[in-house]
Amino acid sequence: MTLKVYLSGEIHTDWREQIIEGAKGLDVVFDAPVTDHDASDDCGVRILGAEDQKFWHDHKGAKLNAIRTRKAIADADVVVVRFGEKYKQWNAAFDAGYASALGKSLIILHGADHQHALKEVDAAALAVAEEPSQVVQMLRYILTGALPA
């Protein structure tokens, strides 16, 4: 069985690459949002035209990115949402809620320092991990039934 996994959330570390590398050899197809921060922020105005107000600049980009995100989450078997150490990732929380509302299998990834702040998000998940390697171990178990050595 091929597992479709959407990797959502924090874009400032290499957690996606760690999971993709660790899952080599497994029957997994990964998808993710556009992680080029400037491209993601500016896609709307670059394609649809400039805006004088930052609100409308962001609005255009958010809507365009939402087309990609909605499709990717809808197509996923598993949605992994990473909350990083920096910044408030409201978009990650939104993706987690959207995936949960669609009944997607949800894995949340964050450090121990976010446990309280994300308790409701964690409660909607089927698993909560602190390290990308744990997500890899979960994917291996889901696909093969094999436990870590």
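A salt bridge is a side-chain nitrogen of Lys or Arg within 4 Å of a carboxyl oxygen of Asp or Glu. The views below show a predicted model, and several of them feature such pairs.

**View 1. Overall fold of the protein chain, with six helices and five strands.** Read from the N terminus, the elements follow the order β-α-β-α-α-β-α-β-α-β-α. The radius of gyration is 16 Å, close to the 15 Å that the globule rule gives for 149 residues, so the protein chain is as compact as a globular protein of that length. Along the principal axes, the C-alpha atoms fill a box of roughly 55 × 35 × 25 Å. Of the 149 residues, 38% count as buried. The protein chain exposes about 8900 Å², and carbon and sulfur atoms supply 55% of this area. Among contacts between residues at least 6 apart in sequence, 60% join residues at least 24 apart.

**View 2. The salt bridge between R82 and E10.** The closest N and O atoms of R82 and E10 are 3.6 Å apart. R82 belongs to strand β3, whereas E10 sits in the loop between β1 and α1, so the pair ties together parts that are 72 residues apart in sequence. Both R82 and E10 are buried. The structure holds seven salt bridges, and two others are shown in the next views.

**View 3. The salt bridge between E51 and K60.** Here the closest N and O atoms are 2.7 Å apart. E51 has a relative accessible area of 30% and is partly exposed. K60 is buried, because its relative accessible area of 19% falls under the 20% cut-off.

**View 4. The salt bridge between K119 and E120.** The side chains of K119 and E120 meet at 3.7 Å, from N to O. K119 is partly exposed, with a relative accessible area of 41%. E120, at 54% relative accessibility, counts as exposed, because the cut-off for that class is over 50%.

**View 5. The buried face of helix α1, residues 15-22.** W15, R16 and I19 are the buried residues shown in this helix. Seen down the axis of α1, the buried residues fall within an arc of 105 degrees, so they line one face of the helix. An α-helix has 3.6 residues a turn, so residues three or four places apart point the same way. The cover over the buried residues of α1 includes strands β1, β2 (28-31), β3 (78-82) and β4 (105-109), together with helix α6 (132-144).

**View 6. The surroundings of I19 in helix α1.** I19 is buried, with a relative accessible area of 0%. Leaving aside residues up to four places away in sequence, I19 touches L7, F30, L109, P132, V135, V136 and L139. The C-alpha atoms of I19 and S133 are separated by 6.7 Å, although these residues lie 114 residues apart along the chain.

**View 7. The surroundings of S40 in helix α2, residues 37-48.** At 17% relative accessibility, S40 counts as buried. Residues up to four places away in sequence not being counted, S40 touches V34, G61 and N65. The C-alpha atoms of S40 and V135 are separated by 26 Å, and the two residues are 95 residues apart along the chain.

**View 8. The surroundings of H57 in helix α3, residues 54-75.** H57 has 15% relative accessibility and counts as buried. Apart from residues up to four places away in sequence, H57 touches D41, D42, V45 and E51. One of these residues, E51, also forms the salt bridge with K60.

**View 9. A nonpolar patch on the surface, formed by M1, Y141, I142 and L147.** Together, the residues of this patch have about 490 Å² of accessible area. M1 lies in the segment before β1 (3-9). At 68% relative accessibility, M1 counts as exposed.

How values were computed
Residues numbered from 1 in each chain as written. Predicted model: local features only at pLDDT ≥ 70, side-chain atom pairs only at ≥ 80, totals over all residues. Heavy atoms only, no water. Patch = residues over 30% accessible without salt bridge, like charges linked within 9 Å, V, L, I, M, F, W, Y side chains within 5 Å. Areas by Shrake-Rupley, 256 points an atom, 1.4 Å probe, with all protein chains shown as cover. Helix = DSSP H or I, 4+ residues; strand = E, 2+ residues; numbered from the N terminus. Buried < 20%, exposed > 50% of the residue type's maximum accessible area, 1.4 Å probe, protein only. Arc of directions from axis to C-beta. Contact = heavy atoms within 4.5 Å. Rg over C-alpha atoms; globule rule 2.2 N^0.38 Å.
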